[in-house]
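Biologist: Could you go through this structure with me and set each term against its cut-offs?

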Amino acid sequence: MVSLVRDPLPPRRGVPSFAAADDDADPGGRLAPSCPGAPEGVRATGPDEIARLYAALDLVSPQTNPRTARLLAAGAKRMAQKLIEEAGEVALEASRQHARATVRESADLLYHLVVLWRECGIAPDEIWAEMYRRAERFGIAEKLPKGSSEAGGVRAADDFT
Ligand SMILES: N=c1c2ncn([C@@H]3O[C@H](COP(=O)(O)OP(=O)(O)OP(=O)(O)O)[C@@H](O)[C@H]3O)c2ncn1[C@@H]1O[C@H](COP(=O)(O)O)[C@@H](O)[C@H]1O
């Protein structure tokens with residue numbers, strides 16, 4: 001079930017807005033639309049949408065989802081290539097200050113990231129647990145110092161076995 005969040009955070013102070021420089025038509029505004037059927041201003045949370053996508057990947061078939069099925073069959077190397085491509089597109093659009101294009105490319109990037117997680121046997125909850133663990137330790141979600149005894153994260157090993 002999708003949980004809903006009211007009153008999304010206001011823009012962070014000191015963070016420049018792309019909106020003014022965005023030349024990409026966006027009649028709906030900068031943010032994604034509300035959940036279908038949800039009251040105005042109510043949005044699905046990112047982790048819920050990631051969980052939905054992750055679960056949906058188990059139901060993909062070549063007949064109903066040919067593009068995603070091809071990607072799933074292509075293996076981790078191809079998925080990693082796609083991820084890097086999408087990351088480059090996000091960086092490019094962001095550096096051009098194209099907000100809507102940055103949003104679209106970010107959604108593509110997350111899709112390819114979720115596909116790669118699944119291929120590696122990593123569940124989204126492992127990522128959230130790692131982020132929460134960092135937030136608890138440091139107050140903000142940031143990378144642990146290199147060489148820290150905590151740097152191994154929630155996984156017991158660095159491989160995918
Ligand atoms: N969330 C996504 C999603 N995000 C992005 N994309 C696809 O990824 C593309 C972006 O990658 P590219 O730029 O490489 O696109 P491309 O050039 O057409 O890619 P290639 O054909 O070269 O692989 C987008 O154009 C979409 O086609 C997605 N495709 C599917 N999903 C979800 O995956 C599930 C299965 O979807 P289908 O495969 O579309 O049925 C559903 O839950 C969908 O919501």
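**Contacts, packing and exposure**

Modeller: Of the contacts in the chain that link residues at least 6 apart in sequence, 62% are between residues at least 24 apart, where a contact means that two C-beta atoms, placed from the backbone, lie within 7 Å. This is a predicted model, in which local features need pLDDT of at least 70 and side-chain atom pairs count only at pLDDT 80 or more, while totals for chains, interfaces and linings use all residues. Residues are numbered from 1 along each chain as its sequence is written.

Biologist: Which elements does the chain have, and how do they run from the N terminus on?

Modeller: There are five helices and two strands, and their order from the N terminus is β-β-α-α-α-α-α; helices (H or I, at least four residues) and strands (E, at least two) are DSSP runs, numbered from the N terminus.

Biologist: What makes the pair α3 and α4 roughly parallel or roughly antiparallel?

Modeller: Helix α3, residues 76-95, packs with α4 at an angle of about 160 degrees, the axes being 8 Å apart; axes are lines fitted to C-alpha atoms, for helices over the stretch in contact, and angles run from 0 to 180 degrees between N-to-C directions. Angles under 35 degrees count as roughly parallel, over 145 as roughly antiparallel, 65 to 115 as roughly perpendicular and the rest as oblique, and α3 and α4 are therefore roughly antiparallel to each other. Their residues in contact divide into twelve nonpolar, three polar and seven charged, where Ala, Val, Leu, Ile, Met, Phe, Trp, Tyr, Cys and Pro count as nonpolar, Asp, Glu, Lys and Arg as charged, and the others, Gly among them, as polar. On the α3 side the contact includes M79, L83 and V90, and on the α4 side L109, L113 and L116 are among the residues met.

Biologist: What is the orientation of α1 and α4 to each other?

Modeller: The angle at which α1 and α4 pack is about 55 degrees, with 10 Å between their axes, and these two helices are therefore oblique to each other. In this contact I50, L53, Y54 and L57 of α1 meet L110, Y111, V114, V115 and R118 of α4, a set with eight nonpolar residues, no polar one and one charged.

Biologist: Which residues are around the ligand?

Modeller: They are L53, A56, V60, N65, R67, T68, K82, A107, D108 and Y111, a residue being near a molecule if its C-beta atom, placed from the backbone, lies within 6 Å of it. Two or more residues of this shell come from each of α1 (46-57), α2 (66-74) and α4 (99-119), and α4 gives the most, with three. By class, the shell holds five nonpolar, two polar and three charged residues.

Biologist: Why is G139 called buried, partly exposed or exposed?

Modeller: A residue is buried if 20 or more other C-beta atoms lie within 10 Å of its own, exposed if 12 or fewer, and partly exposed in between; G139, in the segment after α5 (124-138), has 8 such neighbours and so counts as exposed. Across the chain of 161 residues, 8% count as buried.

Biologist: And what about Q97: what is its exposure, and what is its phi?

Modeller: Q97, in the loop between α3 and α4, counts as partly exposed because it has 17 C-beta neighbours inside 10 Å. Its phi is positive, about 60 degrees, although Q97 is not a glycine. Most residues other than glycine have a negative phi.
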